[in-house]
Amino acid sequence: MPTKKKTAVPAQRANWELRLYVAGQTAKSLQAFANLKRICEEHLAGEYHIEIVDLLQNPQLAAGDQIIALPTLVRKLPEPVRKIIGDLSNTERVLVGLDLQPRIAPLKP
Amino acid sequence: MRSTKTKPVSGKADHGNLPKCLTGIHGLDEITLGGLPRGRPTLVCGGAGCGKTLLGIEFLVRGATLFGEPGVCVSFEETAEELTSNVESLGFNLTTLVRQKKLAIDHVQVERNLIEETGDYDLEALFVRIGHAVDAIGAKRVLLDSVEALFAGLEDESVLRSELRRLFRWLKDRNLTTIVTGERGQGTLTRHGLEEYISDCVILLDHQVTETILTRRLRVVKYRGSTHGMNEYPFLIESDGISVLPVTSMALKYKSSNERVSTGVPALDEMFGGKGYFRGNSILVSGTSGTGKTSLTTHFVDAACGRGEKCVFFSFEEPADQIIRNMRSIGINLQRWVDKGLLHFHSVRPTTYGLEMHLVKIHKVIQEFGPSLVVVDPVTGLLHAGTAYETRSILLRMIDFLKERQITAILTTLTSGTAMQEQTEVEISSLVDAWLLLRDIESGGERNRGIYILKARGVAHSNQIREFLLTSHGVELREVYLGEAGMLTGSARVTQEAKDESAALIGRQEIERKQLLLQRKRRALDAQIAALQLDLETEVQESEQLIAQEKLKVKKWEQDRGVMVTSRYGNSGMRTENGRPAAAAGKGK
């Protein structure tokens, strides 16, 4: 996996700016990237742009997005900024986190 | 792993080979006998607003400025700007330190509602951030304030716990001396049980409000591998950081001076065995209201300043100007010593702040001014700032502090009219070396002052009560009148003395009169003797005259008779028939 990778999508359609923070090629980061790729292809085909930030190489970037956990996926666009941590194995929650699926509404009395 | 020390651990901290890291926080290094465990995390816990963050920041700032150890502040609650402005009032300029690369501040913000957890994760990014900041400035110290915010931000507590354990291990491996702060929980030291992970050193901060006065306290709960002060120590957050107050000499090991110095009142020196008190003694002056405690103590001050020594006068009742003015009335000019820089007044209301604050202020003033004599007038004033027990412990600490530095302490205590005279309300009599008791003596419709030395350790002191007079030229001690009517003072004494005087006068006059009489008698007798002698002489003279006349007569008669005989024989040549010629014949035979 390259440390900084841009998926080949037509620029004009990339209205989803996603940034995945990792620290080296750990099992978790590879897992996260694979999961992200899969979800994006399923739900945002052709509309997304993934940037991968390896904090081992650019540690100073962690502070900017207030990253503490790894891996962390940050939805830069569309706003508001959302953060999703973990290896993205729970697709349901990733979709909620990305606002691709409404949260399960609490039961109303 | 770096193990080089930029500053050797202070020698007194030699308990095992545990390397320590001086915090530079006033008093804390004494309690921990040399600082925090070097290269290990220390937990600082306590309730809200007890000064955890401040302690941590001061640890970093002192490290950066005093010990050449840069530090990283990882703040989970406040931004760098907030922190900077918060500690600005303590004289810490974080901005400058950051610019000088002696300090790095990283604000770690965790907001749960912006985070969705979707599987397995770790906190590696936090490690990366800390590691990056540490490497950027070569930090030796780290503050994590307060790591517990993570518990609010992250859902998966088990991950968080294992990650925290790893974090502390990691900090240790990098030999970073770390302070981790934690909010105090119910029945536990920290709300989330951080003490489970940090077992090397735990410091508990606390604050209590007693009668509206706040007292902050610090206690070293544990310190693995080292002894430490066990007690709760009061501490203060002041204009230049934190000050913790350990009892300065727990072992009573201070030296004692043999030098005797004058009290400033010659008669009182006499009472102190003629030589005054020992330098470095603590002298208690107790008495009821208006017995002249302050006036007496200013004599001590005046005498000390006169010797060129520095004095500090802590007043809890009167402002400096008032004391100076009042003492002028007994002929003591304190202003000149203030002007010369030998005397410093520190007047403050007892209730202005808590006892500890008072003690710290006293410590500070003493350390800055360096006096050889200190007056606290009155120590009972401190009772307003705390309980009797607390006051006593504060005074004990203060006396210890002063003794350690061989500073003479003059403490006055106010005895209330109803209380026993020989008992101070703060019960510090056993702590002091000398005790002067001023008392009222009421008699003959007057209230007079008396003074006596209740105790004076190591001094052969007078056992007498003296009358204590405040005159326009200072305190004077007079012998009290001891007579048949008991002890007399004031005008009663004066009257009695006058009576005695007149009695003595009458006695003297009587003797003179008798002597005069005797003289006269002698003179009269002498005259008589002279007259008699004169008489005798006259008589003798007369007698001698008569005798002489008689002799002359006899001679004359004989001559006459001879002439007659001759003439008779010459005329007739015959003897007459009368006796005469016969007698003459007889005579001639």
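# A two-chain predicted model, step by step

Chain A holds three helices and four strands, while the secondary structure of chain B comes to 15 helices and 25 strands. Keep in mind as you explore that this is a predicted model. For the complex, the predictor gives an ipTM of 0.83 and a pTM of 0.66. Let's take the two chains one at a time, and then look at where they meet.

**Getting to know chain A**

- Reading from the N terminus, you meet the elements of chain A in the order β-α-β-α-β-β-α.
- Of the 109 residues in chain A, 38% are buried.
- Take the contacts in chain A that have a separation of 6 or more: 71% of them link residues 24 or more positions apart.
- Gln66(A) is worth a stop, since this residue is not a glycine and yet has a positive phi of about 50°.
- You can find Gln66(A) in the loop between α2 and β3 (72-77) of chain A.
- Is Gln66(A) buried or partly exposed? With 19 other C-beta atoms within 10 Å, Gln66(A) is partly exposed, because a residue needs 20 or more such atoms to count as buried.

**Where the chains meet**

- How many residues of chain A are in contact with chain B? There are 28, and they touch 21 residues of chain B.
- On the side of chain A that touches chain B, the elements giving two or more residues are α2 (61-64), β4 (82-85) and α3 (91-97) of chain A.
- The residues on that side of chain A comprise 16 nonpolar, seven polar and five charged ones.
- Strand pairing also crosses from one chain to the other: β4(A) and strand β6 (residues 115-117) of chain B run parallel and are joined by three bridges.
- To see this pairing at the level of residues, look for Ile85(A), which stands opposite Glu117(B) in β6(B).

**The nine-stranded sheet of chain B**

- Chain B contains an open sheet of nine strands with mixed pairing, in the order β5-β4-β7-β8-β3-β9-β10-β11-β12.
- Why do β5 (103-107) and β12 (241-244) of chain B each have one side without a neighbour in the sheet? Both stand at the edges and have a single partner strand each, so one side of each is left free of a neighbour there.
- From one strand of this sheet to the next, the twist averages 20°.
- Helix α12 (residues 355-369) of chain B packs on the sheet and touches β10 (213-223), β11 (232-238) and β12 of chain B.
- The direction of α12(B) makes about 70° with that of β11(B).
- Within the sheet, strand β3 (residues 41-46) and strand β9 (residues 201-210) of chain B pair in the parallel sense over five bridges.
- One residue pair to look for here is Val44(B) and its bridge partner in β9(B), Ile203(B).

**Backbone details in chain B**

- Asp145(B) and Ser146(B) are joined by a cis peptide bond, with omega at about -20°.
- Ser146(B) sits in the loop between β7 (141-145) and α6 (149-153) of chain B.
- Another cis peptide bond runs from Asp377(B) to Pro378(B), where omega is near -15°.
- The loop that holds Pro378(B) lies between β18 (373-377) and α13 (388-404) of chain B.
- Lys101(B), a residue other than glycine, has a positive phi near 60°.
- Lys101(B) has its place in the loop between α4 (94-99) and β5 of chain B.
- Because Lys101(B) has 13 C-beta neighbours inside 10 Å, this residue counts as partly exposed.

**Chain B as a whole, and how far to trust it**

- Chain B has 589 residues, of which 42% count as buried.
- Among contacts in chain B with a separation of 6 or more, 70% are between residues 24 or more positions apart.
- The average pLDDT of chain B is 83, and 89% of the residues score at least 70.
- Which elements of chain B have the lowest and the highest mean pLDDT? Helix α15 (residues 579-588) has the lowest, at 48, and strand β4 (residues 71-75) has the highest, at 93.
- Residues 1-15 of chain B have a pLDDT below 50, and this stretch has 26 contacts in the model beyond near neighbours in sequence.
- Over residues 582-589 of chain B the pLDDT also stays under 50, and the model has one contact for them beyond four places in sequence.
- Where pLDDT is low, the predicted coordinates should not be read in detail.

Technical notes:
Residues are numbered from 1 along each chain as its sequence is written. Chains are lettered from A and ligands numbered from 1 in the order in which they are written. This is a predicted model: local features need pLDDT of at least 70, side-chain atom pairs count only at pLDDT 80 or more; totals for chains, interfaces and linings use all residues. Two residues are in contact if their C-beta atoms, placed from the backbone, lie within 7 Å. Ala, Val, Leu, Ile, Met, Phe, Trp, Tyr, Cys and Pro count as nonpolar, Asp, Glu, Lys and Arg as charged, and the others, Gly among them, as polar. Two strands pair if DSSP finds at least two bridges between them. Axes are lines fitted to C-alpha atoms, for helices over the stretch in contact, and angles run from 0 to 180 degrees between N-to-C directions. A residue is buried if 20 or more other C-beta atoms lie within 10 Å of its own, exposed if 12 or fewer, and partly exposed in between; C-beta atoms are placed from the backbone. pLDDT is the predictor's confidence in each residue, from 0 to 100.
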